[in-house]
Amino acid sequence: MNSDQIQSLFKQFHNSRVLIVGDVMVDSYIIGKVDRVSPEAPVPVVDVTGFENRLGGAGNVALNIKSLGATPILCSVIGTDKEGIDLINIMKDQGLSFKALVQSDKRKTTTKTRVLGNKHQLLRIDHEITSDIDVVDSYLLEQQFKEELENIDVVIFEDYNKGVLHANNIEVLVNLCREKGIPTIVDPKKSNFLAYKNVTLFKPNLKEIKEGLKIDYDLDTRELVEKAIVDLKKKLNNVMTLVTLSERGVVIEEHGDFTHIPAHFRNIADVSGAGDSVVSVAALCLAAKLKPAVIAEISNLAGGLVCEKTGVVPVDYKLLLEETKRVFQS
């Protein structure tokens, strides 16, 4: 691609509407200083200096999509609790639509509270229910999904094993997309790994593909990775597979053709959130009907750029645009 084609592609992102279905959560932080140990127990005393709430899970994917200029729509099930109100308020502050959220009095809004002392995490407290949503909540989720699907370019399944997505509704939601010819991309986790049949693009990392296929040896060669992808495709019948390989880059497969993209040299600060950036960029490239190798290259760049930042941050549109121009014209 030349510079004009890349510029045109990134402008095309602005016209894309992305439906993100899965587990949305609040990442909550209690921030403070530690300079003494409690006399009550051998634990540090945190002198609190601040609080911070951020969108996590599928919410961070929505922030990435928004950062890239596209329109994200989150479809999920949350609680009617205080944490659910907090989540909706964060979405309002971020300019995100919350109309496709289902609020259920049978669920807790997943919230992960991290206690930080002197910039180090001391403790994490999880407030959640991880059992599958029930028949009623599944029906309400499907209705919201179906309503939003009328004006969507690509669907991301963002699965964190928190119960919003399960084997039965995954099949229903994927089939709704297939009926309308809307491409689907999956960021899987272990529990539902083999439930995502007939999707367009399946995006596990190396650990997830090993766990999902119950592989008990290291996928430390190109040949072993490709064999695992072939085995996976026999089970899922997906069109494309994109596997992130950490410092070894990424590999993408379609119709038995494999393209390996090496990692670019980076000053790695924090790998948190890199997968969310990869799936977001891959989804927009999929909607733009790009070739697999191009999807893999731009997604790989996005993941690398995010790793240079501390904390979970969305990919920067301008940085990704310039980096894409640099790589494709070198």
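**An internal cavity and a helix pair**

About 80 Å³ of space lies in the largest cavity of this predicted model. The count of cavities of 30 Å³ or more comes to 1. Its lining is made up of 13 residues. Nearest the centre of the largest cavity lie Val-24, Val-77, Thr-110, Lys-162 and Val-164.

Two strands each supply at least two residues of this lining: S2, spanning 24-37, and S4, spanning 71-79. Strand S4 gives the largest share, 3 residues. The lining is mixed in class. Sorted this way, the largest cavity is bordered by 6 nonpolar, 3 polar and 4 charged residues.

The second feature is a helix pair. Two packed helices are described by the angle between their axes and the distance between the axes. Helix H8 covers residues 274-287, and helix H9 covers residues 292-307. The axes of H8 and H9 come within 8 Å. They cross at roughly 150 degrees. Angles over 145 degrees count as roughly antiparallel, and H8 and H9 are therefore roughly antiparallel to each other. The crossing of H8 past H9 is right-handed.

The contact residues come from both helices. From H8, these are Ala-274, Ser-277, Val-278, Val-281, Ala-282, Cys-285 and Leu-286. In H9 they meet Ile-295, Ile-298, Ser-299, Ala-302, Gly-303, Val-306 and Cys-307. By class, 11 residues of the H8 and H9 contact are nonpolar and 3 are polar. No charged residues take part in this contact, whereas the lining of the largest cavity has 4.

How values were computed
Residues numbered from 1 in each chain as written. Predicted model: local features only at pLDDT ≥ 70, side-chain atom pairs only at ≥ 80, totals over all residues. Heavy atoms only, no water. Axes fitted to C-alpha atoms, helices over the stretch in contact; angles between N-to-C directions. Helix = DSSP H or I, 4+ residues; strand = E, 2+ residues; numbered from the N terminus. Parallel < 35°, antiparallel > 145°, perpendicular 65-115°, else oblique. Left-handed = near helix turned anticlockwise from the far one by under 90°. Contact = heavy atoms within 4.5 Å. Nonpolar A, V, L, I, M, F, W, Y, C, P; charged D, E, K, R; others polar. 1 Å grid on protein atoms, 1.4 Å probe; cavity = no way out; pocket = protein on both sides within 12 Å on 5 of 7 lines; lining within 4 Å. Points joined across faces, edges and corners; volume = space filled by probe spheres on them.
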